[in-house]
Amino acid sequence: MIEFHAVTNRFPDGTLAVDDFSLVLPSYKTTVFVGTSGSGKTTLLRMINRMVDPTSGSIDIDGADIGTLEPVKLRRGIGYVMQNSGLLPHRKVIDNVATVPMLRGMPKKRAREEALQLLDTVGLDRSLANRYPSQLSGGQQQRVGVARGLAVNPNILLMDEPFGAVDPIVRAELQQELLRLQRELGKTVVFVTHDIDEAFLLGDQVVILRTGGKVAQVGSPAEILANPIDEFVATFVGADRGKRSLHVENHGDGDIVVDETGRLAGVLVGSSTTSSRASAASQSGSESQCGSESKAGPRGPGASAQGGDSR
Ligand SMILES: Nc1ncnc2c1ncn2[C@@H]1O[C@H](COP(=O)(O)OP(=O)(O)O)[C@@H](O)[C@H]1O
Ligand SMILES: [Mg+2]
């Protein structure tokens with residue numbers, strides 16, 4: 001468990017990047033910080049492994065104040081994945097993954113063997129191990145970045161916009177891979193993004209930030225989507241435009257889900273035509289799939305909380 005206690009970070013030039021931030025990030029879950037550029041996401045993330053220290057306040061990991069821990073020791077339990085993979089260009093893939101464990105004293109042979117296993121873990125073919133980063137696609141480079149983050153076998157994985165620089169199709173694959181990895185590995189993941197759809201897809205807990213690391217709302221994707229706390233959040237999650245107001249239409253052969261403009265958003269599965277409306281409304285998406293929508297799922301007519309009428 002990671003706990004922020006009234007954490008403030010003011011940079012020497014006077015910029016207030018994070019202002020009085022308090023939050024509990026539960027273990028073995030994914031917490032996503034989402035906000036526009038400059039809202040303090042990276043600063044929040046970097047304070048967890050002491051790349052940046054708070055000006056005031058404290059951060060505890062499993063009950064210990066990290067301000068009292070040696071940064072090098074602290075980072076042994078924390079993996080870090082950054083936006084442009086951060087790979088060393090003159091090192092082969094295998095060495096990029098094996099470097100940190102070797103720096104920490106692991107024998108070279110074992111570090112390289114474990115690096116190959118990590119390539120399997122992140123879905124990369126071992127034949128890529130002897131390539132240089134520039135000989136990989138953007139998506140492959142990001143996978144190597146994830147493998148490198150996992151190489152220290154951390155309890156905590158920090159990910160700073162790791163999929164921001166790849167095209168949408170590859171990004172969708174990487175997101176699914178991360179969900180699979182998280183099911184298998186059960187790390188405490190702290191993920192930063194400016195993309196609300198990515199936040200809703202990946203986060204168990206989503207933290208919507210305003211400038212200055214100010215929390216606009218914290219909750220599960222379903223809680224935030226069903227009940228945006230104010231105009232700012234409603235706009236950020238697209239509720240105000242009715243973007244999230246999906247409803248079910250019956251087309252004879254089956255039920256389809258459409259958005260507020262009548263555009264196709266997905267197909268309801270596991271429902272028979274006559275009873276499906278009631279079932280979709282009462283089960284709130286548990287049997288349904290809906291394209292790129294969040295795991296909060298499509299909403300039946302009885303559950304369309306984002307009508308836009310009350311805001
Ligand atoms: N080293 C630094 N020195 C001064 N200001 C900084 C530094 N790093 C970040 N900032 C400022 O702090 C604010 C938050 O930055 P950051 O945490 O990088 O935001 P985000 O990751 O959400 O884009 C921004 O206004 C940024 O310009
Ligand atoms: Mg950032």
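# Reading the terms off the model

Student: What makes helix α5 mostly covered?

Tutor: Eleven of the 13 residues of α5 are buried. A residue is buried if 20 or more other C-beta atoms lie within 10 Å of its own, exposed if 12 or fewer do, and partly exposed in between, with C-beta atoms placed from the backbone. This is a predicted model, in which local features need pLDDT of at least 70 and side-chain atom pairs count only at pLDDT 80 or more, while totals for chains, interfaces and linings use all residues. Residues are numbered from 1 along each chain as its sequence is written, and chains are lettered from A and ligands numbered from 1 in the order in which they are written.

Student: Which residues of α5 are buried?

Tutor: Q140, Q141, Q142, R143, V144, G145, V146, A147, R148, G149 and L150 are.

Student: What do the buried residues of α5 pack against?

Tutor: Their partners are β6, α3, α4 (108-121), β7 (156-160) and α6. Two residues are in contact if their C-beta atoms, placed from the backbone, lie within 7 Å.

Student: What makes α5 a helix, and which residues does α5 span?

Tutor: Helices are DSSP runs of H or I with at least four residues, strands are runs of E with at least two, and both are numbered from the N terminus. α5 covers residues 138-150, 13 residues, so α5 meets the minimum of four.

Student: How do you know that the length of α5 is close to the expected one?

Tutor: The expected span is 1.5 Å times one less than the number of residues. For α5 that gives 18 Å, and the helix reaches 19 Å from its first C-alpha to its last. For α6 (residues 168-185), with 18 residues, 26 Å is expected and 25 Å is reached. G186 follows α6 with a positive phi, near 60 degrees.

Student: Why is L185 called partly exposed?

Tutor: L185 has 14 other C-beta atoms within 10 Å. That count falls between the cut-offs of 12 and 20, so L185 is partly exposed. L185 sits in helix α6. Its C-alpha is 10.0 Å from that of N153, 32 residues apart along the chain.

Student: Why is G86 called partly exposed?

Tutor: G86 counts 17 other C-beta atoms within 10 Å. Again the count lies between 12 and 20, so G86 is partly exposed. The residue belongs to the loop between β6 (78-81) and α3 (93-103). Its C-alpha is separated by 9.0 Å from that of Q141, 55 residues away along the chain.

Student: How do you know that β9 and β10 pair?

Tutor: Two strands pair if DSSP finds at least two bridges between them. β9 and strand β10 (residues 214-219) have five, in the antiparallel sense, so they pair. R210 has K214 as its bridge partner in β10. The two strands form a hairpin with three residues between them, and G212 in the turn has a positive phi of about 85 degrees.

Student: In which sense do β3 and β9 run, parallel or antiparallel?

Tutor: Parallel: four bridges join strand β3 (residues 30-34) to β9. F33 stands opposite V207. β9 itself (residues 205-210) is mostly covered, with five of its six residues buried.

Student: What makes β11 and β13 edge strands?

Tutor: The open sheet has three strands in the order β11-β12-β13, with antiparallel pairing. β11 (247-250) and β13 (264-267) each pair on one side only. Twist averages 35 degrees from one strand to the next, where axes are lines fitted to C-alpha atoms, for helices over the stretch in contact, and angles run from 0 to 180 degrees between N-to-C directions.

Student: How many bridges join β11 to β12?

Tutor: Four. E249 is partnered by I256 in β12. I256 also stands opposite V267 in β13, and three bridges link β12 (residues 255-258) to β13. D255 and V257 make the covered face of β12, I256 and V258 the uncovered one.

Student: Which residues surround ligand 1?

Tutor: F11, D13, T15, A17, G35, S37, G38, S39, G40, K41, T42 and T43. A residue is near a molecule or strand if its C-beta atom, placed from the backbone, lies within 6 Å of it. Helix α1 (residues 41-48) gives the most to this shell, three residues.
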